[in-house]
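Visitor: I'm new to this one and would like some help reading it. Could you walk me through it, feature by feature?

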Amino acid sequence: MNAAAAHPSVEQKVNKPIETFRLETAPSSRALRDALGAFATGVTVVTARDAGGRAFGLTVNSFNSVSLDPPLVVWSLSLASPNLPAFRACSHYAVNVLALDQAWLSQRFANREDDKFAGLETADGLGGAPLLPGCCACFECANEAQHAGGDHLLLIGRVERFSRFPKEPLVFQGGRYRALRDA
Ligand SMILES: Cc1cc2nc3c(=O)[nH]c(=O)nc-3n(C[C@H](O)[C@H](O)[C@H](O)COP(=O)(O)O)c2cc1C
């Protein structure tokens, strides 16, 4: 095999893109969202309780691990969320990782409903954060740090307690809920 065949050029290696945008010439947030949506994620519901005892939460797929030692995770919250002040102030929150059969919970917590927790049998986690039943995993986090991130607030959580359950995860990709499949 000659050297060129062993080390194909970038042009040969990279697939032809469906579309390409430079943001300064095509500031289409729809196109950017679609491209970002190619990245498959799990789905979580982040929950907490305010000083008055009110439970609140929302569907989040910006969740990710940051560090094992110390154990840190990150997620981002839209600055438009009515729960922004409550998330800034709470001592703890719980990141509930949804299972494959919980797309309905994702939908419920992605809507601005009066009581997203109606009919749910939750347990109180650290800081009173509601733990949802039937999830794949749950990370109970101290509200460690917050950083500006454009139109979102980045929240860094320190994991103080976590649980894992033998359930298949719910996947979100291309704006749809999906199931895992081995590659
Ligand atoms: C799969 C999925 C993932 C989402 N991820 C986030 C996220 O990471 N951060 C965020 O602020 N909103 C995210 N949202 C949108 C919120 O869940 C939605 O705006 C919700 O109404 C916010 O609740 P609130 O208005 O009561 O704060 C996501 C929605 C869906 C369906």
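Guide: Let's go through confidence, strands, core, ligand shell and one helix residue in turn.

Visitor: What average pLDDT does the chain have?

Guide: Start with confidence, since this is a predicted model. The chain averages a pLDDT of 91, and 88% of the residues score at least 70. Be careful with residues 1–6, though: the pLDDT there is below 50, and beyond near neighbours in sequence that stretch has one contact in the model.

Visitor: Okay, on to the strands. How many bridges join S9 to S10?

Guide: For any pair of strands, look at direction and at bridges. S9 and S10 run antiparallel, joined by twelve bridges. They form a hairpin with two residues between them, and Gly 150 in the turn has a positive phi of about 65 degrees. If you want one rung of that ladder, find Asn 143, whose bridge partner in S10 is Gly 157.

Visitor: Which strands pair with S9 and S10 on their other sides?

Guide: Follow the bridges outward. S6 is joined to S9 by six bridges, again antiparallel, while S5 pairs with strand S10 (residues 152–164) in the antiparallel sense over seven bridges. Ala 142 is a handy landmark here: it is the bridge partner of His 92, and it also stands opposite Arg 158 in S10. Between S5 and S10, look for Leu 77 opposite Leu 153.

Visitor: Is there a general idea about where side chains go in a strand?

Guide: Yes: in a regular strand the side chains alternate between the two faces of the sheet.

Visitor: Why do S1 and S12 each have one side without a neighbour in the sheet?

Guide: An open sheet has edges, and here you can see them. This one has three strands in the order S1-S11-S12, with antiparallel pairing. Strand S1 (41–42) and strand S12 (176–178) stand at the edges with a single partner strand each, so one side of each has no neighbour in the sheet. S11, residues 171–173, pairs with S12 over three bridges, and one of the partnerships there is Phe 172 with Tyr 177.

Visitor: Which residues of the largest nonpolar core touch the most other members?

Guide: With a core, ask who belongs and who touches whom. This core has 30 residues, and Val 46, Tyr 93, Val 95, Leu 98 and Cys 135 touch the most other members. Elements giving two or more residues include strand S2 (44–49), helix H5 (103–109) and strand S9 (137–149). S6 gives the most, with four residues. Zoom in on Val 46: leaving out residues up to four places away in sequence, Val 46 touches Gly 57, Leu 58, Val 60, Trp 75, Tyr 93 and Val 95.

Visitor: And the ligand: which residues come nearest?

Guide: Read the shell by distance, then by origin and character. Leu 58, Thr 59, Ser 62, Ser 78 and Ser 81 come nearest, out of 18 residues around the ligand. Strand S3 (55–60) and strand S5 (72–78) are the elements giving two or more residues to the shell, and S5 has the largest share, four. By character, the shell splits into eight nonpolar, nine polar and one charged.

Visitor: Last one: why does Ala 86 count as partly exposed?

Guide: Count the neighbours. Ala 86 has 18 C-beta neighbours inside 10 Å, so it counts as partly exposed; 20 or more would make a residue buried. Ala 86 is found in helix H4, residues 84–89. Setting aside neighbours within four places in sequence, Ala 86 is in contact with Ala 48, Asp 50 and Phe 56. The C-alpha atoms of Ala 86 and Ala 48 are separated by 8.4 Å, although the two residues are 38 apart along the chain.

How values were computed. Residues are numbered from 1 along each chain as its sequence is written. This is a predicted model: local features need pLDDT of at least 70, side-chain atom pairs count only at pLDDT 80 or more; totals for chains, interfaces and linings use all residues. A residue is near a molecule or strand if its C-beta atom, placed from the backbone, lies within 6 Å of it. Ala, Val, Leu, Ile, Met, Phe, Trp, Tyr, Cys and Pro count as nonpolar, Asp, Glu, Lys and Arg as charged, and the others, Gly among them, as polar. A residue is buried if 20 or more other C-beta atoms lie within 10 Å of its own, exposed if 12 or fewer, and partly exposed in between; C-beta atoms are placed from the backbone. Two residues are in contact if their C-beta atoms, placed from the backbone, lie within 7 Å. A nonpolar core is a set of buried Ala, Val, Leu, Ile, Met, Phe, Trp, Tyr and Cys residues joined through C-beta atoms within 7 Å. pLDDT is the predictor's confidence in each residue, from 0 to 100. Two strands pair if DSSP finds at least two bridges between them.
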